[in-house]
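Welcome, and thanks for taking a look at this chain with us. Please have the sequence and the 3D view open side by side as you read.

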Amino acid sequence: MSSLISGVKGTAQSLTALRRPWRDFFDISAVDLPSSTSDATTRIAQNLTHFRLNYTLILLLILLLSLIYHPLSLLTFLVILLAWFFLYFARDREEPVVIFCFFIDDRIVIAALFGLTVAGLVLTGVWVNVLVALAVGVGFVILHAALRSTDDLVMDDLESPYGHVLAGGDDELDSPRGDYSGI
């Protein structure tokens, strides 16, 4: 029980550290039209990386609002959300899920939770509402990410969507030619 509580606390602290201030998220002065398609895609990639938890919370809020008039579906959604939280997000990754003395792989846990989510949506009859809510939410996220300028964002290379490209060894930084040698 104490490991579950410490897992929940650790997950809550890591999620709180990932969330960016809403003041920065809704900063009206940072909104302008992108100059080109490549600028828009770069903004989308950087904003999705920088504000990923804020966007997730907005998507969940839109999804919850779409289920307001379906209390059984809302209750089912909240139970499934708790199952995702406790079985996947708040759980220590080094300790596998054990059911009846059998170790369950993470891929099986994800597949089971995904199946439970789809079954819950289909059986409660709100899958159309959920698809429309997700389409509206994704549209909002993409529109915000494209219109929100990234000039004022402070991002380190590990957070950047291009971090894997930028993260090279120290040897590559010594020479502008990289691994190539002269003839």
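Here is a short tour, from the overall fold to single residues.

This is a predicted model. The protein chain holds nine helices and two strands, and 25% of its 183 residues count as buried. Below you will find a nonpolar patch on the surface, a cavity inside, and a few residues that reward a closer look.

**Overall fold**

- Starting at the N terminus, the order of elements is α-α-α-α-α-β-β-α-α-α-α.
- If you consider contacts between residues at least 6 apart in sequence, 76% of them join residues at least 24 apart.
- The chain has an accessible surface of about 12,700 Å², and carbon and sulfur atoms account for 69% of that surface.

**A nonpolar patch on the surface**

- Eight names are worth highlighting in your viewer: Phe114, Val118, Val122, Trp127, Val128, Leu131, Val132 and Val136 together make a nonpolar surface patch of about 760 Å².
- Helix H6 (106-124) and helix H7 (127-147) are the elements that give two or more residues to this patch.
- H7 is the one that gives the most, contributing five residues.
- Phe114 sits in helix H6. With a relative accessible area of 55%, Phe114 is exposed, because the cut-off for that class is over 50%.

**One cavity inside**

- Rolling a probe the size of a water molecule over the atoms shows where empty space is left.
- Searching the whole structure turns up one cavity of 30 Å³ or more, and the volume of the largest cavity is about 50 Å³.
- Its lining is made by Leu67, Ser73, Thr76, Phe77, Ile80, Thr117, Gly120, Leu121, Thr124 and Val126.
- Helix H5 (71-89) and H6 each supply at least two of the residues that line the largest cavity. H6 therefore appears in two parts of this tour, being also among the elements that give two or more residues to the nonpolar patch.

**Two buried residues: Ala145 and Ser149**

- Ala145 belongs to helix H7 and is buried, with a relative accessible area of 0%.
- Leaving out neighbours within four places in sequence, Ala145 is in contact with Arg43, Ile44, Asn47 and Tyr55.
- Ala145 and Phe51 are 94 residues apart along the chain, while their C-alpha atoms are separated by 8.9 Å.
- Ser149 is found in the loop between H7 and helix H8 (163-166). At 7% relative accessible area, Ser149 counts as buried, because that class covers values under 20%.
- Not counting residues up to four places away in sequence, Ser149 touches Ala30, Asp32 and Arg43.
- Arg43 is thus a shared partner: it is listed among the contacts of Ala145 and among those of Ser149.

**A backbone detail at Cys101**

- Where does Cys101 lie? Look in the loop between strand E1 (97-99) and strand E2 (102-104).
- Most residues other than glycine have a negative phi.
- Cys101 has a positive phi of about 65°, although it is not a glycine.
- Is Cys101 buried or exposed? Its relative accessibility is 73%, so Cys101 counts as exposed, the cut-off being over 50%.

Definitions and conventions
Residues numbered from 1 in each chain as written. Predicted model: local features only at pLDDT ≥ 70, side-chain atom pairs only at ≥ 80, totals over all residues. Heavy atoms only, no water. Helix = DSSP H or I, 4+ residues; strand = E, 2+ residues; numbered from the N terminus. Buried < 20%, exposed > 50% of the residue type's maximum accessible area, 1.4 Å probe, protein only. Contact = heavy atoms within 4.5 Å. Areas by Shrake-Rupley, 256 points an atom, 1.4 Å probe, with all protein chains shown as cover. Patch = residues over 30% accessible without salt bridge, like charges linked within 9 Å, V, L, I, M, F, W, Y side chains within 5 Å. Salt bridge = Lys/Arg side-chain N within 4 Å of Asp/Glu carboxyl O. 1 Å grid on protein atoms, 1.4 Å probe; cavity = no way out; pocket = protein on both sides within 12 Å on 5 of 7 lines; lining within 4 Å. Points joined across faces, edges and corners; volume = space filled by probe spheres on them.
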